[in-house]
Amino acid sequence: MAKTGLLFRLAAKLADDWKSYQQKETTPEALAFQDGLKGTLGMYKELAEAQDPEAILKAEQIALIQEKEFANSAEMVNSIKPGLTQIEEARQSLELVHDSDAYQKAASTYAGKRKQGGLPLDGFREFIKSHQARLTNRLKADGSHEEKNILRQRKNNLKVATEAYIKLQRKALSIGNAKSKAMAR
(Lines give C-alpha, C1' and ligand atoms only; values in the text may rest on other atoms or scores of the structure.)
Protein backbone atom coordinates (compact mmCIF):
# COMPACT_ATOMS: atom_id res chain seq x y z
CA MET A 1 0.00 0.00 0.00
CA ALA A 2 2.84 2.38 0.86
CA LYS A 3 4.36 1.72 -2.55
CA THR A 4 1.13 2.76 -4.27
CA GLY A 5 1.04 6.02 -2.30
CA LEU A 6 4.67 6.63 -3.12
CA LEU A 7 4.02 6.03 -6.82
CA PHE A 8 1.10 8.49 -6.82
CA ARG A 9 3.24 11.11 -5.09
CA LEU A 10 6.08 10.44 -7.55
CA ALA A 11 3.75 10.82 -10.54
CA ALA A 12 2.43 14.13 -9.17
CA LYS A 13 5.96 15.35 -8.43
CA LEU A 14 7.17 14.44 -11.93
CA ALA A 15 4.21 16.29 -13.44
CA ASP A 16 5.07 19.38 -11.36
CA ASP A 17 8.73 19.13 -12.33
CA TRP A 18 7.85 18.84 -16.02
CA LYS A 19 5.55 21.85 -15.80
CA SER A 20 8.33 23.88 -14.12
CA TYR A 21 10.79 22.77 -16.80
CA GLN A 22 8.44 23.85 -19.59
CA GLN A 23 7.92 27.24 -17.92
CA LYS A 24 11.69 27.65 -17.60
CA GLU A 25 12.07 27.07 -21.33
CA THR A 26 9.71 29.93 -22.18
CA THR A 27 11.35 32.64 -20.09
CA PRO A 28 12.62 35.66 -22.04
CA GLU A 29 16.18 34.57 -21.30
CA ALA A 30 15.60 31.06 -22.63
CA LEU A 31 13.95 32.42 -25.77
CA ALA A 32 16.86 34.85 -26.32
CA PHE A 33 19.27 31.93 -25.91
CA GLN A 34 17.41 29.89 -28.54
CA ASP A 35 17.45 32.86 -30.94
CA GLY A 36 21.18 33.28 -30.37
CA LEU A 37 21.76 29.66 -31.30
CA LYS A 38 20.36 30.36 -34.77
CA GLY A 39 23.24 32.79 -35.35
CA THR A 40 25.71 30.19 -34.12
CA LEU A 41 24.24 27.65 -36.52
CA GLY A 42 24.73 30.11 -39.37
CA MET A 43 28.40 30.47 -38.50
CA TYR A 44 28.88 26.70 -38.44
CA LYS A 45 27.27 26.53 -41.89
CA GLU A 46 29.72 29.16 -43.14
CA LEU A 47 32.57 27.00 -41.85
CA ALA A 48 31.29 24.06 -43.89
CA GLU A 49 31.08 26.21 -47.01
CA ALA A 50 34.72 27.27 -46.60
CA GLN A 51 35.78 23.60 -46.68
CA ASP A 52 38.83 24.39 -44.55
CA PRO A 53 39.78 21.43 -42.35
CA GLU A 54 42.08 23.60 -40.21
CA ALA A 55 39.30 26.10 -39.44
CA ILE A 56 36.85 23.30 -38.67
CA LEU A 57 39.36 21.73 -36.26
CA LYS A 58 39.89 25.09 -34.56
CA ALA A 59 36.12 25.59 -34.24
CA GLU A 60 35.76 22.16 -32.61
CA GLN A 61 38.62 22.94 -30.26
CA ILE A 62 36.90 26.19 -29.24
CA ALA A 63 33.62 24.32 -28.71
CA LEU A 64 35.28 21.57 -26.66
CA ILE A 65 37.13 24.03 -24.44
CA GLN A 66 33.89 25.88 -23.78
CA GLU A 67 31.96 22.65 -23.17
CA LYS A 68 34.63 21.54 -20.69
CA GLU A 69 34.43 24.88 -18.88
CA PHE A 70 30.66 24.59 -18.48
CA ALA A 71 30.50 20.82 -17.95
CA ASN A 72 28.25 19.85 -15.07
CA SER A 73 29.53 16.32 -14.50
CA ALA A 74 32.79 14.40 -14.26
CA GLU A 75 31.54 12.09 -17.04
CA MET A 76 31.18 15.04 -19.39
CA VAL A 77 34.69 16.31 -18.60
CA ASN A 78 36.08 12.78 -19.05
CA SER A 79 34.53 12.66 -22.52
CA ILE A 80 35.91 16.04 -23.54
CA LYS A 81 39.52 15.62 -22.35
CA PRO A 82 40.44 12.92 -24.89
CA GLY A 83 38.82 15.00 -27.63
CA LEU A 84 41.13 17.90 -26.83
CA THR A 85 44.16 15.58 -26.93
CA GLN A 86 43.01 14.09 -30.23
CA ILE A 87 42.60 17.56 -31.75
CA GLU A 88 46.31 18.17 -31.19
CA GLU A 89 47.11 14.86 -32.91
CA ALA A 90 44.78 15.81 -35.76
CA ARG A 91 46.50 19.19 -36.12
CA GLN A 92 49.90 17.44 -36.33
CA SER A 93 48.59 15.14 -39.08
CA LEU A 94 47.16 18.13 -40.92
CA GLU A 95 50.55 19.90 -40.81
CA LEU A 96 52.35 16.74 -41.93
CA VAL A 97 50.07 16.06 -44.89
CA HIS A 98 51.26 19.33 -46.47
CA ASP A 99 54.83 17.92 -46.66
CA SER A 100 54.52 15.19 -49.26
CA ASP A 101 57.89 13.51 -48.58
CA ALA A 102 57.41 13.43 -44.82
CA TYR A 103 53.81 12.25 -45.17
CA GLN A 104 54.81 9.44 -47.54
CA LYS A 105 57.39 8.23 -45.00
CA ALA A 106 54.86 8.42 -42.16
CA ALA A 107 52.15 6.70 -44.24
CA SER A 108 54.47 3.79 -45.00
CA THR A 109 54.53 2.94 -41.29
CA TYR A 110 50.78 2.25 -41.17
CA ALA A 111 49.72 -1.39 -41.32
CA GLY A 112 47.14 -2.38 -43.92
CA LYS A 113 44.39 -2.65 -41.32
CA ARG A 114 45.14 0.95 -40.28
CA LYS A 115 44.38 2.17 -43.79
CA GLN A 116 41.19 2.79 -45.69
CA GLY A 117 41.23 3.03 -49.46
CA GLY A 118 45.04 2.98 -49.29
CA LEU A 119 45.06 6.06 -47.05
CA PRO A 120 46.27 6.04 -43.44
CA LEU A 121 43.73 6.36 -40.66
CA ASP A 122 46.00 8.87 -38.99
CA GLY A 123 45.42 11.28 -36.12
CA PHE A 124 43.18 13.54 -38.18
CA ARG A 125 40.86 10.81 -39.34
CA GLU A 126 40.85 9.12 -35.92
CA PHE A 127 39.82 12.39 -34.26
CA ILE A 128 36.99 12.86 -36.76
CA LYS A 129 35.70 9.34 -36.16
CA SER A 130 35.81 9.68 -32.36
CA HIS A 131 34.40 13.18 -32.32
CA GLN A 132 31.50 12.25 -34.60
CA ALA A 133 30.65 9.48 -32.11
CA ARG A 134 30.78 12.03 -29.26
CA LEU A 135 28.43 14.36 -31.11
CA THR A 136 26.09 11.48 -31.99
CA ASN A 137 25.88 10.58 -28.29
CA ARG A 138 25.08 14.19 -27.42
CA LEU A 139 22.30 14.17 -30.01
CA LYS A 140 20.68 11.36 -28.04
CA ALA A 141 20.51 13.51 -24.91
CA ASP A 142 17.92 16.14 -24.08
CA GLY A 143 18.27 19.43 -25.85
CA SER A 144 16.35 21.98 -27.81
CA HIS A 145 15.74 21.74 -31.54
CA GLU A 146 18.27 24.55 -32.10
CA GLU A 147 20.94 22.84 -29.97
CA LYS A 148 20.49 19.59 -31.89
CA ASN A 149 20.70 21.45 -35.21
CA ILE A 150 24.07 22.83 -34.14
CA LEU A 151 25.29 19.34 -33.21
CA ARG A 152 24.10 18.01 -36.59
CA GLN A 153 25.88 20.86 -38.38
CA ARG A 154 29.06 20.19 -36.44
CA LYS A 155 28.89 16.55 -37.54
CA ASN A 156 28.38 17.72 -41.11
CA ASN A 157 31.39 20.03 -40.79
CA LEU A 158 33.49 17.06 -39.69
CA LYS A 159 32.38 15.20 -42.81
CA VAL A 160 33.38 18.19 -44.96
CA ALA A 161 36.75 18.35 -43.17
CA THR A 162 37.31 14.64 -43.78
CA GLU A 163 36.58 14.95 -47.49
CA ALA A 164 38.99 17.88 -47.81
CA TYR A 165 41.61 16.03 -45.77
CA ILE A 166 41.34 12.89 -47.91
CA LYS A 167 42.07 15.06 -50.96
CA LEU A 168 45.18 16.34 -49.18
CA GLN A 169 46.22 12.77 -48.34
CA ARG A 170 45.76 11.68 -51.95
CA LYS A 171 47.81 14.63 -53.14
CA ALA A 172 50.59 13.97 -50.61
CA LEU A 173 50.73 10.29 -51.52
CA SER A 174 50.30 10.93 -55.26
CA ILE A 175 47.22 8.73 -55.38
CA GLY A 176 44.68 9.37 -58.11
CA ASN A 177 46.89 11.39 -60.45
CA ALA A 178 49.02 10.66 -63.51
CA LYS A 179 52.14 9.89 -61.45
CA SER A 180 50.48 7.11 -59.48
CA LYS A 181 48.90 5.67 -62.62
CA ALA A 182 52.29 5.57 -64.30
CA MET A 183 53.81 3.88 -61.25
CA ALA A 184 51.05 1.25 -61.30
CA ARG A 185 52.00 0.18 -64.83
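**Packing of helix H6 against H7 and H4**

In this predicted model, the axes of helix H6 and helix H7 (residues 145-172) come within 10 Å and cross at roughly 165°. Angles over 145 degrees count as roughly antiparallel, and H6 and H7 are therefore roughly antiparallel to each other. Their crossing is left-handed. On the H6 side, the contact is formed by Phe124, Arg125, Phe127, Ile128, His131, Gln132, Leu135, Thr136, Arg138, Leu139 and Lys140. The residues that H7 contributes include Lys148, Leu151, Arg152, Leu158, Ala161, Tyr165, Ile166 and Gln169. Classified by side chain, the contact of H6 with H7 comprises 10 nonpolar, 5 polar and 8 charged residues.

Helix H6 (residues 123-140) is also paired with helix H4 (residues 74-96), and the axes of these two helices come within 7 Å, with a crossing angle of roughly 150°. This angle makes H4 roughly antiparallel to H6. The crossing of H4 and H6 is left-handed. From H4, the contact draws on Ser79, Pro82, Gly83, Gln86, Ile87, Glu89, Ala90, Ser93 and Leu94. The H6 residues that meet them are Gly123, Phe124, Glu126, Phe127, Ser130 and Arg134. The contact of H4 with H6 divides into 6 nonpolar, 6 polar and 3 charged residues.

Two residues of H6, Phe124 and Phe127, appear in both the contact with H4 and the contact with H7.

Technical notes:
Residues are numbered from 1 along each chain as its sequence is written. This is a predicted model: local features need pLDDT of at least 70, side-chain atom pairs count only at pLDDT 80 or more; totals for chains, interfaces and linings use all residues. Side-chain values use heavy atoms; hydrogens and water are left out. Axes are lines fitted to C-alpha atoms, for helices over the stretch in contact, and angles run from 0 to 180 degrees between N-to-C directions. Helices (H or I, at least four residues) and strands (E, at least two) are DSSP runs, numbered from the N terminus. Angles under 35 degrees count as roughly parallel, over 145 as roughly antiparallel, 65 to 115 as roughly perpendicular and the rest as oblique. A crossing is left-handed if the near helix is turned anticlockwise from the far one by less than a right angle, and right-handed if clockwise. Contact means heavy atoms within 4.5 Å. Ala, Val, Leu, Ile, Met, Phe, Trp, Tyr, Cys and Pro count as nonpolar, Asp, Glu, Lys and Arg as charged, and the others, Gly among them, as polar.
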